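Colleague: I would like a close look at a single part of this protein. Please take one strand and the residues around it, and walk me through them.

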Amino acid sequence: MFKLLVLPGDGIGPEIVRETLRVVDWARNAGLRIELSEALAGGASIDAVGAPIAEDVVEQALASDAVLFGAVGGPKWDHLPRPQRPEMGILRLRQALDLYANLRPAVCFDELLDASALKPELIRGLDILIVREATAGVYFSLPRANEVGPDGQRRAYDTQAYTEAEIARVCRTAFELARTRQRRVCSVDKANVMETGALWRAVATEVAADYPDVELSHMYADNCAMQLVRRPDQFDVIVTDNLFGDILSDAAAALTGSLGLLPSASLSGLGQGGNSRGLYEPIHGSAPDIAGQGVANPIATILSFALCLRWSFDRADLADRLERAVRRVVSSGVRTPDIAHPGVAAVSTIEMTDAVLAALAAE
Ligand code: NAI
Ligand code: MG
């Protein structure tokens with residue numbers, strides 16, 4: 001019996017998570033044995049208990065196999081200082097659960113090519129997986145400060161630090177995942193100008209020795225940004241640090257032109273047999289501009305649950321079925337407003353989910 005903790009969050013979070021729970025019900029009817037619980041996170045938690053995540057919710061997450069997360073944040077909490085903001089809830093969870101590998105698939109829905117920022121011929125069939133280190137590096141390393149220096153000038157600094165263990169484990173995750181794909185890993189760094197980059201490259205090369213069946217290449221981060229735009233189809237799996245991964249994964253998502261469709265997973269390694277503890281969430285935010293209107297696209301969250309089935313619940317069979325159903329629905333022209341062509345009638349969040357459930361039932 002697996003345990004799933006559901007954290008709907010703020011804005012459109014509760015709307016898209018509510019619909020995804022109907023898909024969770026489908027999976028249970030198809031034989032998935034899970035225990036569900038739900039709790040507050042983000043602004044909703046700040047309003048209720050004064051913190052972006054309560055310690056007992058962190059405990060609950062630690063006792064769960066997976067967390068399904070909607071999105072957090074919104075104008076109501078924008079005035080709060082950084083440590084008290086809704087986003088800190090998810091950072092706290094990532095660290096507590098040691099979710100060091102953030103997986104961001106950038107998959108092109110060919111039916112939506114005209115929504116993409118790029119030439120269709122460049123991104124047709126695109127399928128890139130970015131594996132971003134997510135618990136170390138410049139967002140976390142100490143010392144860091146924003147202060148007045150001895151000369152009276154304001155100054156600020158951050159520290160980019162990595163240990164070989166931190167690099168090796170996320171590279172292993174990338175190589176393991178490459179084995180389920182095209183067996184190519186591109187490791188991205190700035191080994192030419194950064195010490196952390198030189199270590200990153202050395203450790204990635206050492207880890208590669210354990211995966212002779214997977215091809216490793218190296219690329220500088222600036223070149224990778226250019227290559228993602230010029231010829232994205234050269235990539236299979238990209239593994240990189242926290243900062244470069246943050247930027248490159250947003251760029252890769254923009255290539256596909258489908259913010260409302262892209263899922264993500266944060267894993268603590270990749271267990272044999274695919275039952276890693278993970279946190280699953282859409283890549284988009286809480287979309288306050290459309291919250292409460294019932295028009296948010298639930299697909300990114302539904303596909304996040306598919307990743308959960310695959311990597312935390314050991315049910316690749318159900319994940320495959322769900323991903324196929326979503327593709328059929330999108331191909332058949334069912335559209336929420338964010339992916340609709342101008343002049344074409346769009347469906348609601350609920351109707352989009354209805355269509356996915358109907359496609360699952362029709363298999
Ligand atoms: P956003 O992703 O929430 O929205 C960007 C644009 O995309 C908006 O126009 C929105 O309506 C649209 N959009 C996003 N998801 C959609 C969906 N499922 N269906 C249809 N349209 C969708 O990013 P934004 O506006 O920068 O941030 C809004 C809030 O979300 C902020 O408070 C931000 O801090 C928070 N945020 C939270 C994240 C998380 O919980 N992991 C990630 C990113 C932002
Ligand atoms: Mg980002």
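Modeller: Here is a walk along strand β4, its partners and the annotated residues linked to them.

First, a word on trust. This is a predicted model. The protein has a mean pLDDT of 93, and 97% of its residues reach 70 or more. For the complex, the predictor gives an ipTM of 0.97 and a pTM of 0.92.

Now the strand. β4 runs over residues 101–107 and is mostly covered, with seven of its seven residues buried. Look at where the side chains go. Ala101, Leu103, Pro105 and Val107 point one way from β4. Asn102, Arg104 and Ala106 point the other way. Both sets are buried.

Next, the partners. β4 pairs with strand β5, residues 127–133, in the antiparallel sense over seven bridges. Use alanine 106 as a marker here: isoleucine 128 in β5 stands opposite it. β4 also pairs with strand β11, residues 263–267. That pairing is antiparallel too, over three bridges. Its marker is asparagine 102, which stands opposite serine 266 in β11.

Then the annotation. An unreviewed UniProt entry places the feature "binding site" at Arg94, Arg104, Arg132 and Asp222. These positions span 129 residues in sequence, and the farthest two C-alpha atoms are 27.1 Å apart, so they do not all gather at one spot. Arg104 is one of the residues of β4 that point the same way as Asn102 and Ala106.

Take arginine 132. This residue sits in strand β5. Arginine 132 has 27 other C-beta atoms within 10 Å; the cut-off for buried is 20 or more, so arginine 132 counts as buried. Its contacts, leaving aside neighbours within four places in sequence, include Asn102 and Arg104. Arginine 132 therefore contacts another position with the "binding site" feature, Arg104. The rest of its contacts are Thr240, Asn242, Gly245, Asp246 and Ser249.

Now arginine 94. This one lies in helix α4, residues 87–96. Arginine 94 has 17 other C-beta atoms within 10 Å, so it is partly exposed. Beyond its neighbours within four places in sequence, arginine 94 is in contact with Leu99, Ala134, Thr135, Ser266 and Leu279. Ser266 links back to the strand: serine 266 is the β11 residue opposite asparagine 102.

Follow one more thread, from Gly245. Gly245 is among the contacts of arginine 132. Glycine 257 is twelve residues from glycine 245 in sequence, and the two are 18 Å apart in space, C-alpha to C-alpha. Glycine 257 lies in the loop between α9 (242–256) and β11. With 18 other C-beta atoms within 10 Å, glycine 257 is partly exposed.

Last, the ligand. There are 22 residues around ligand 1. Gly73, Gly260, His284, Gly285 and Asn297 come nearest. By class, the shell has eleven nonpolar, seven polar and four charged residues.

To sum up, β4 is a covered strand that pairs with β5 and with β11. Arginine 132 in β5 touches its Asn102 and Arg104, while arginine 94 touches Ser266.

Notes. Residues numbered from 1 in each chain as written. Chains lettered and ligands numbered in written order. Predicted model: local features only at pLDDT ≥ 70, side-chain atom pairs only at ≥ 80, totals over all residues. Buried ≥ 20, exposed ≤ 12 C-beta atoms within 10 Å, placed from the backbone. Helix = DSSP H or I, 4+ residues; strand = E, 2+ residues; numbered from the N terminus. Pairing = 2+ DSSP bridges. Near = placed C-beta within 6 Å. Nonpolar A, V, L, I, M, F, W, Y, C, P; charged D, E, K, R; others polar. UniProt positions renumbered as here; feature names shortened; annotations may be inferred. Contact = placed C-beta atoms within 7 Å. pLDDT = per-residue confidence, 0-100.
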